[in-house]
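Dear colleague,

Please find below the structure that I am handing over to you. A summary of what was found in it follows.

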Amino acid sequence: MRSKLLFPLMILLGLVSVACSESRMEVEYMPVYLDSDQRMTLMSPDGSTVDYDFKGYVSPVVNGCFTVNGKRGYDVYRFGKKKAELIDGLESLYWAGTVNEGLIPFRRKDDGKLEVADTDGEVRFSLGRDVYSNEYFMDGMLILRKSDTDTYESKWGAVNTKGEIAVKIKYSAIHDFREGCAPANIGEKWILIDRNGEKLADMKGVEAVFGSMVDGRIPVKKNDYWGFWKRDGEFTRLKSGLVVEGFNGRYALVYDDESGEWGVVDTEGTVVIPVKYDYVQFYGNDRFIVKRDDERWELLDTDGEKLFTIREEKVMSLKGVSPYYSGDFLIGGGDGRFDLYNSDGEKISGSRFNRL
């Protein structure tokens, strides 16, 4: 059985999976419950909080903005430490995504059309009622989906920041655009496309794809082996049974499909952290949080040397477990009591909160 992290991640997860990489959206403040009364506030990586709170679902602060889903619907705010500013025209919405690259997809309650606005609340373009989108723009593209009303089969495409359907909605799957390209599935075959929907390469033999292009590589499953596919088609195969579960361009988190144990490999397939741990997360670019079978959590470097131990029931690196966000949050605790830790493994005074 694969190990599962039991930490509550409802705020941080739930979106389409993308590769762990530096192109993820940097979280500036993280939403937390300070107590059990269901009111949420925002906390920075140094443990300080803002001077206000909300009743409802609060998103992390990304690109200086965040959303609150309360009784009246979604509201989009411009962040301020003393006071948050509601963005005119982006209040009481049916749904709102995440601001990235200065744009946010959303739907109003009255007509339900998918629209895209900037951070001033000005609508840049509208895409209609029958099309759905990813939560955010990435690499100048927003992934779109349409479903057949008879078969309910979904097809995928993408729109650019000008509102042009640059990639026709005809694919069985598309991953996020990174480095000017995206892996897409059509006719049960994977190909690499550019931001105009033109085919760049056939991904021959590829059966499954994890995430998107990072530093010229994409983790894929090819001929029953996981490994790294390059733009030129070169494939670096991993040891049989290893499955990629995270990638930052230099290292990949892997688990053994038989033993359920976790470790780390580099892009040449060399084992960096032995595949023997209950769980592994990224913390930074070249450090790793591991859970030992004796329930201890340790931070290791790329030589496998222990940097420090955190003796908590649960430990979470925001960079390590979220496929969507990135940020310098290291969290430990359990049973309604959590704290932030600094990069030396020391608990940050005054950072305690109830839960995410």
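**Findings**

D215 is partly exposed, because its relative accessible area is 49%, a value between the limits of 20% for buried and 50% for exposed. Please note that the model is a predicted one. D215 belongs to the loop that joins strand 21 (206-209) to strand 22 (217-222). Although D215 is not a glycine, its phi is positive, at about 50°.

S92 is another residue to note in this respect: it is not a glycine, yet it has a positive phi of about 50°. The loop between strand 8 (85-86) and strand 9 (95-96) contains S92. With a relative accessibility of 27%, S92 counts as partly exposed.

A positive phi also occurs in a hairpin. Strand 15 (residues 154-160) and strand 16 (residues 167-171) pair in the antiparallel sense, over two bridges. W156 stands opposite Y171 of strand 16. Six residues lie between the two strands of this hairpin, in which G163 takes a positive phi near 90°.

I turn next to R195, which is found in the loop between strand 19 (189-194) and strand 20 (199-202). R195 counts as partly exposed because its relative accessibility is 37%. Leaving aside residues up to four places away in sequence, R195 touches D139, M141, A166, V167, F177 and G180. With D139 there is a polar contact between the two side chains, at 2.9 Å. Between R195 and E179 there are 9.8 Å from C-alpha to C-alpha, and the two are 16 residues apart in sequence.

As regards the interior, nonpolar side chains tend to be buried together in soluble globular proteins. The largest nonpolar core here has 35 residues, and those touching the most other members are L238, V264, I273, V280, F288 and L330. Strand 26 (residues 251-256) supplies the largest share of this core, namely five residues. A second core, separate from it, comprises 22 residues, among them W95, F106, L114 and F137.

Finally, there are three cavities of 30 Å³ or more in the structure. The volume of the largest cavity is about 60 Å³. Its lining consists of 12 residues, and those nearest its centre are S59, C65, F66, T98 and V99. Strand 6 (residues 65-70) gives the most to this lining, contributing three residues.

Yours sincerely

Note on methods:
Residues are numbered from 1 along each chain as its sequence is written. This is a predicted model: local features need pLDDT of at least 70, side-chain atom pairs count only at pLDDT 80 or more; totals for chains, interfaces and linings use all residues. Side-chain values use heavy atoms; hydrogens and water are left out. Helices (H or I, at least four residues) and strands (E, at least two) are DSSP runs, numbered from the N terminus. Buried means under 20% relative accessible area, exposed over 50%, partly exposed in between (1.4 Å probe, protein chains only). Contact means heavy atoms within 4.5 Å. A polar contact is a pair of N or O atoms within 3.5 Å; within protein, one must be able to donate a hydrogen and the other to accept it, and residues adjacent in sequence count only if both atoms are side-chain atoms. Two strands pair if DSSP finds at least two bridges between them. A nonpolar core is a set of buried Ala, Val, Leu, Ile, Met, Phe, Trp, Tyr and Cys residues joined through side-chain atoms within 4.5 Å. On a 1 Å grid over the protein atoms alone, a cavity is a set of points where a 1.4 Å probe fits but cannot get out, and a pocket is an open set with protein on both sides within 12 Å along at least five of seven lines; lining residues have an atom within 4 Å of a point. Grid points are joined across faces, edges and corners, and a volume is the space filled by probe spheres set on the points.
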